[in-house]
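This note is offered to a colleague reading the structure for the first time. Please consult the sequence and the model alongside the points that follow.

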Amino acid sequence: MQCIGLGLVPLKAQALIGERTVIGHCDSFNLNSLVFDSDAPCKILFEEGYCYGMHAKDYYGSGSVSYGKVADDVDNIAKLGNLACGHGRACFDAVRDALVECNKQDGFLDELYTNLELAYMVHGKKVVEDLASKETIFG
């Protein structure tokens, strides 16, 4: 899969805004060092996952998906699984460690829950409702 020019720069900007919106005042959680820097532990997972997602969007389209269509994509899905096996632990550990540090700050969880709920209500609820109303592979 070729992913050059699939919009990572605007996505990075949106992610960094979302990070501050949701995580708030905790500087231990830093998306640049977790995802975007050249040596970030989650960089390869993010980039390859995003790449696959963009191609899958075009490949699968919208509406029902046949098992045959999924079967034809198994090699790509397997590559993602292998990538996750090879890099997932380091990414998880880095994110966990950052959140553990954040959690040491008074009020972090309350602020996080409030911010997540607000972000969901403003940005996510409609998307979830729209997705729930569409046909899926299961029905």
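1. Y59 has a relative accessible area of 29% and is therefore partly exposed; this value, like the others here, comes from a predicted model. The charged end of K69 lies over the ring of Y59, at 4.3 Å from the ring centre.

2. Y60, by contrast, is buried, its relative accessible area being 18%, which falls under the 20% limit for that class.

3. How many aromatic pairs are there in the model? The count is three. In one of them, F36 and F46, the ring centres are 5.4 Å apart and the planes meet at 80°, an edge-to-face arrangement. Because F36 belongs to helix α2 and F46 to helix α3 (residues 43–60), this pair ties together parts that are ten residues apart in sequence.

4. Are these two residues buried or exposed? F36 is buried, at 15% relative accessibility, whereas F46 is partly exposed, at 25%. Y59 and Y60 also pair: their ring centres lie 4.8 Å apart with the planes at 80°, so this pair is edge-to-face.

5. F36 and F46 are joined by Y50 in one aromatic cluster.

6. As to confidence, the mean pLDDT of the protein is 86, and 91% of the residues reach at least 70. Helix α2 (residues 31–36) has the highest confidence, at 94, while helix α1 (residues 8–23) has the lowest, at a mean of 85. Where pLDDT is low, predicted coordinates should not be read in detail.

How values were computed:
Residues numbered from 1 in each chain as written. Predicted model: local features only at pLDDT ≥ 70, side-chain atom pairs only at ≥ 80, totals over all residues. Heavy atoms only, no water. pLDDT = per-residue confidence, 0-100. Helix = DSSP H or I, 4+ residues; strand = E, 2+ residues; numbered from the N terminus. Phe/Tyr/Trp six-rings, centres within 6.5 Å; stacked < 30°, edge-to-face > 60°. Buried < 20%, exposed > 50% of the residue type's maximum accessible area, 1.4 Å probe, protein only. Lys NZ or Arg CZ within 6 Å of the ring centre and 35° of its normal.
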